[in-house]
Structure formats: C-alpha cells, structure tokens
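I opened this model at the bench today and kept notes as I went. Here is what I looked up, strand by strand and loop by loop.

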Amino acid sequence: VVPWGDVRVSTAQSKFGGTSASFGGFDNYLILQDHADYDFSGGVWTADFWFRPNSITRQTLFGQAQSGNDFFGILLEADGSIRFKAHSGGPAIVNVQTAAGQIAANSWYHIAVVQSGDSYKIYINGVEKAFVVDTDRLPNYSAELRIGHSNVEAGGTPVNGYIDEFRVSKGIARWTSDFTPPTAPYETDTT
C-alpha cells in the first residue's frame with residue numbers, strides 16, 4: 001500500500017486499535033498496485049471497511065479505473081446513499097444504490113459490497129440496504145486500486161473522513177444475508 005498526498009495515520013478517530021486512515025478531502029488516497037489478486041471477473045468477492053465521513057458529499061471510497069469508460073467504484077453520494085457501479089467501455093454495466101439518508105456525518109458505519117455470482121449487495125452495519133441481480137461481471141481492469149479516491153470517475157471526489165479495517169476478499173462472498181458487523185480488528189488470514 002502506497003500513500004499519496006497527505007493521507008495520514010490518525011489517532012483522532014478509530015473504530016478499533018486506536019488509529020485509522022485520515023483523508024482530508026483533497027488529493028489524498030492509498031494505492032494498491034494492479035495485481036492478479038485484484039481481478040474480480042470471477043464474480044465472487046467482498047469489499048468491506050469501517051467509514052466515518054466528516055461531511056456528506058459525493059466521495060469515492062474505493063475503486064479501480066482503467067479509463068473514463070472502464071472502472072468500478074464504491075461511492076458515498078451527496079444524498080447519504082452508498083452506491084456501487086461498474087463500467088466497461090461506456091455506460092454502467094452494474095449499478096446498485098441504497099436509499100438516501102443511510103449515512104450521516106461524524107458516525108462510524110460498516111460498509112460491505114458483496115458480489116456472489118449474479119447477486120450484488122450493499123450492506124450497512126450488517127443490514128442489506130440494496131440488491132440487484134445482474135449477469136454482468138467486472139472486467140479485469142488494468143489499473144491501480146485506490147482507497148479514498150478514484151483516478152477518473154466523473155464527479156468522484158476524495159474522501160473527507162476516516163477509513164478503518166479495510167479488506168478486499170477475492171473468491172469469497174463473506175455475507176449473503178444480514179450479519180453482525182465485526183466487533184474487533186480483522187486478523188490476517190489467507191481467505
């Protein structure tokens with residue numbers, strides 16, 4: 001993981017362990033270099049993390065962008081909803097979004113986006129908030145992944161807040177129904 005800009009380890013806020021990544025709403029993010037581990041075209045994966053926004057504006061929480069027409073992203077929208085969308089060569093191939101008002105400033109939320117075959121789900125604090133059935137799969141984008149910003153997503157802005165316990169799981173749909181959010185830091189595992 002490579003930090004870019006002024007992303008910091010902060011003791012001001014954390015969900016677990018006394019620290020989190022602090023993003024100031026400018027050009028600050030974390031980079032994961034492109035790797036076969038981030039090829040989600042197999043149709044089973046999970047991205048989950050704790051998020052505490054300082055404000056409710058459109059923010060790209062996590063994404064991978066090969067070009068302006070080829071990308072995926074998990075976003076906080078200005079209406080307080082969470083959205084996952086993916087594009088492949090143009091219009092969105094997958095687009096799932098929660099109802100408005102799910103996220104408020106200055107509170108911690110566990111966010112999980114899960115694809116299990118044709119099912120795409122968004123969970124907030126362990127409760128399914130959005131669901132879509134779509135046979136489209138994410139392409140194997142050739143680009144770095146970014147936590148806290150997207151490099152091309154139109155209208156995507158950097159995170160203004162904190163992210164803790166970020167995890168991406170390839171080949172694992174960690175949840176397919178409502179669950180109790182994690183109550184302790186993640187341990188390193190091989191799955």
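How many bridges pair β11 and β12, and is the sense parallel or antiparallel? I counted six bridges, and the two strands run antiparallel. A reminder to myself before going on: this is a predicted model.

**Entry 1: β11 and its two partners**

I picked one rung of the β11 and β12 pairing and found Ile122 opposite Ala130 in β12. The turn of this hairpin has two residues between the strands, and Asn125 there takes a positive phi near 50°. On the other pairing, I saw that β10 and β11 are also antiparallel, over six bridges. There I noted Gln115, whose bridge partner in β11 is Tyr120. This hairpin has two residues between its strands, with Gly117 in the turn at a positive phi of about 70°.

Next I asked how well β11 is covered, and six of its six residues turned out to be buried. Which residues lie on each side of β11? I listed Ser119, Lys121 and Tyr123 on one side, and Tyr120, Ile122 and Ile124 on the other, and all of them are buried. That two-sided list fits the usual pattern, in which side chains of a regular strand alternate between the two faces of the sheet. I marked Lys121 in my notes as one of the buried residues.

**Entry 2: the sheet around β11**

I then traced the open sheet of seven strands, and its order reads β2-β3-β14-β5-β10-β11-β12, with antiparallel pairing. Why do β2 and β12 each have one side without a neighbour in the sheet? They stand at the edges, and each has a single partner strand, so one side of each is left free of a neighbour in the sheet. From one strand to the next, the twist averages 30°.

Inside this sheet I looked up β5 and β14 (residues 160-170), which run antiparallel and are joined by eight bridges. On this pairing, Asp48 stands opposite Arg167 in β14.

**Entry 3: β8 between β7 and β9**

I moved on to β8 (82-88) and its neighbour β7 (70-76). These two pair in the antiparallel sense over seven bridges, and Gly73 stands opposite Lys85 in β8. Their hairpin has five residues between the strands, and I found Gly80 with a positive phi near 85°.

On to β9 (residues 92-97), which runs antiparallel to β8 and is joined to it by five bridges. The rung I wrote down has Ala86 with its bridge partner Val94 in β9. Three residues separate the strands of this hairpin, and Gly89 in the turn has a positive phi of about 80°.

Is β8 largely enclosed or left open? Six of its seven residues are buried, so the strand is largely enclosed by the rest of the structure.

**Entry 4: Glu77**

Glu77 caught my eye in the loop between β7 and β8. Is Glu77 buried or exposed? Its relative accessible area is 9%, and since buried means under 20%, Glu77 counts as buried. I then looked for what touches Glu77, leaving aside neighbours within four places in sequence. The contacts are Ile56, Thr57, Arg58, Arg83 and Gln97.

**Entry 5: asparagines with positive phi**

Most residues other than glycine have a negative phi, so I checked for exceptions. Asn106 is one, with a positive phi of about 65° although it is not a glycine. I located Asn106 in the loop between β9 and β10 (109-116), and at 45% relative accessibility Asn106 counts as partly exposed.

Asn125 from my first entry also has a positive phi, near 50°. Asn125 sits in the loop between β11 (119-124) and β12 (127-133). Its relative accessible area is 31%, so Asn125 is partly exposed.

**Entry 6: Gly42**

My last stop was Gly42, in the loop between β4 (29-32) and β5 (44-53). Is Gly42 buried or exposed? Its relative accessibility is 65%, so Gly42 counts as exposed. I also looked up the spacing to Pro139, which is 97 residues away along the chain. The C-alpha atoms of Gly42 and Pro139 are separated by 9.0 Å.

Conventions. Residues are numbered from 1 along each chain as its sequence is written. Side-chain values use heavy atoms; hydrogens and water are left out. Helices (H or I, at least four residues) and strands (E, at least two) are DSSP runs, numbered from the N terminus. Buried means under 20% relative accessible area, exposed over 50%, partly exposed in between (1.4 Å probe, protein chains only). Contact means heavy atoms within 4.5 Å. Two strands pair if DSSP finds at least two bridges between them. Axes are lines fitted to C-alpha atoms, for helices over the stretch in contact, and angles run from 0 to 180 degrees between N-to-C directions.
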